[in-house]
Amino acid sequence: MMNMKTPIPAASPLPRRSLQAQVKWGSHVLTVGGHAPVRVQSMTNTDTVDVIGTAIQIKELALAGSEMVRITVNTPEAAAAVVHIREQLDRMGIVVPLIGDFHYNGHRLLTDFPDCAQALSKYRINPGNVGKGDKKDRQFGQMIEAAMRWDKPVRIGVNWGSLDQELLADLMDENSRRSSPWESRQVMYEALITSAISSAQMAQEMGMKASQILLSCKVSGVQDLIAVYRELAKRCDYSLHLGLTEAGMGTKGTVASTSALSVLLQEGIGDTIRVSLTPQPGESRAQEVVIANEILQALGLRIFVPSVTACPGCGRTTSSTFQELTKQIDDFLRAQMPVWRSRYPGVENLKVAVMGCIVNGPGESKHADIGISLPGTGEAPAAPVFIDGEKKLTLRGDAIAQEFQTLVENYIENRFGTAKAD
């Protein structure tokens, strides 16, 4: 007989303890950090000078669920285009905040193009690319001054591919004098964290509020990222942006980003995330947003779209019908969400099941809000549909997919449309 002394506690992410920042555009205010939801960020890969092309991609990213979009601001022409991109987005009704990504010449661009500085909602500054020697602090200071002048938060984003070489050299020299020198990788970790925190402290000394500073220390290795952010979170309470830089393409990039970000988010580390996925040929840039959303939804941190439970298939399944139906329903739900978010409040909590045989089909379908169990090998050519845990009807024939989609639409209208009307 089993000896049950205490109930098994449910797993849940640890609470975050970071300061709360505000990213604004017009009357739109997006809170980051503290008790705010973990925010999803993305970045365009268009030429910023192409105002229409960039605005269209930003719209696509925003509709997919990106709550902030970063754009490259690398030339005077790009800086001049920013205000026009913002205007184009406003005309399209896209209120997503824009983040300016600055390297090397950000101090000049923010000074020479005040309209650009105002149109952006946040600045990303890389301490490794703001200058060398005496210029370094001066040029970094100019960017912080611009941020304070226009009341913009900044992300001080350190990347091990563009780390401050002077700082790294100093730490390497210091390490060589230790009686037991650290491994070179550990010195690299220290350089990343020191660069981020010391830059943030310098910004505060200039008068910037700690709550307006976000930090990131991006690397491309999963275990490296986990190690760096665990230590970074111990040493400061700034809001933290997570991302595995240069994650890669397809399955590799998806798995690596998911592995690293999930561990940290479960430990209560991270306030904004980005999946730096290399798009496959012909793939939408918005795929990185979809993956970021899925990571947060799988961890139970956010809910963006209705969940579709589906079996993987086995020798019991007689056809690919359940696969095709699963994809059809999933694509349909995602495509409708930009409209449904406002029309059907709470629809993102919907649970749909599409199962392939009698083994787990009825059970999973009963657990869902609406589910269908397609016939497997040797089963009768019928597909029972379960709604709110009860078998309501059985579908037969060649139009099962379309009929089930109609049932899903009707269920959403009846449940969530009524809720809105009340």
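These exercises, each with a worked solution, explore a predicted model.

**Exercise 1. Place Q41 in the fold, and decide whether Q41 is buried or exposed.**

Step 1. Find the element. Q41 lies in strand β3, which covers residues 39–43.

Step 2. Check the accessibility. Q41 has a relative accessible area of 1%. Buried means under 20%, so Q41 is buried.

Step 3. List the surroundings. Neighbours within four places in sequence are left aside here. Q41 then contacts S66, M68, R70, I99, K122, R155, H241, T272, I273, R274 and E288.

**Exercise 2. Do the same for D101, and find how far D101 is from T272.**

Step 1. Find the element. D101 sits in strand β5, residues 98–102.

Step 2. Check the accessibility. The relative accessibility of D101 is 7%, so D101 counts as buried.

Step 3. List the contacts, again without neighbours up to four places away in sequence. D101 meets M43, R70, I71, T72, V73 and R124.

Step 4. Compare sequence with space. D101 and T272 are 171 residues apart in sequence. From C-alpha to C-alpha, D101 and T272 are 16 Å apart.

**Exercise 3. Describe how helices α1 and α2 cross.**

Step 1. Locate the helices. Helix α1 spans residues 51–64, and helix α2 spans residues 76–91.

Step 2. Read the geometry. The two axes come within 9 Å and cross at roughly 50 degrees.

Step 3. Classify the angle. Under 35 degrees would count as roughly parallel, and 65 to 115 as roughly perpendicular. The pair α1 and α2 is therefore oblique.

Step 4. Add the hand. The crossing of α1 and α2 is right-handed.

Step 5. Name the residues that make the contact. Helix α1 supplies V51, I52, T54, A55, I58 and K59. Helix α2 supplies A81, H84, I85, Q88 and L89.

Step 6. Sort them by class. The contact of α1 with α2 has seven nonpolar, three polar and one charged residues.

**Exercise 4. Explore the nonpolar cores: which residues have the most contacts inside the largest one?**

Step 1. Size the largest core. The largest nonpolar core has 112 residues.

Step 2. Pick out its best-connected members. L215, I372 and F404 have the most contacts inside this core.

Step 3. Find the main contributor. Helix α7, residues 184–205, gives the most to this core, with nine residues.

Step 4. Look around L215. Residues up to four places away in sequence are not counted. L215 touches I156, A196, I197, A200, L232, C236, Y238, S239, L240 and H241.

Step 5. Look for another core. A second, separate core has seven residues, including A21, L30, V32 and L214.

Notes:
Residues are numbered from 1 along each chain as its sequence is written. This is a predicted model: local features need pLDDT of at least 70, side-chain atom pairs count only at pLDDT 80 or more; totals for chains, interfaces and linings use all residues. Side-chain values use heavy atoms; hydrogens and water are left out. Helices (H or I, at least four residues) and strands (E, at least two) are DSSP runs, numbered from the N terminus. Buried means under 20% relative accessible area, exposed over 50%, partly exposed in between (1.4 Å probe, protein chains only). Contact means heavy atoms within 4.5 Å. Axes are lines fitted to C-alpha atoms, for helices over the stretch in contact, and angles run from 0 to 180 degrees between N-to-C directions. Angles under 35 degrees count as roughly parallel, over 145 as roughly antiparallel, 65 to 115 as roughly perpendicular and the rest as oblique. A crossing is left-handed if the near helix is turned anticlockwise from the far one by less than a right angle, and right-handed if clockwise. Ala, Val, Leu, Ile, Met, Phe, Trp, Tyr, Cys and Pro count as nonpolar, Asp, Glu, Lys and Arg as charged, and the others, Gly among them, as polar. A nonpolar core is a set of buried Ala, Val, Leu, Ile, Met, Phe, Trp, Tyr and Cys residues joined through side-chain atoms within 4.5 Å.
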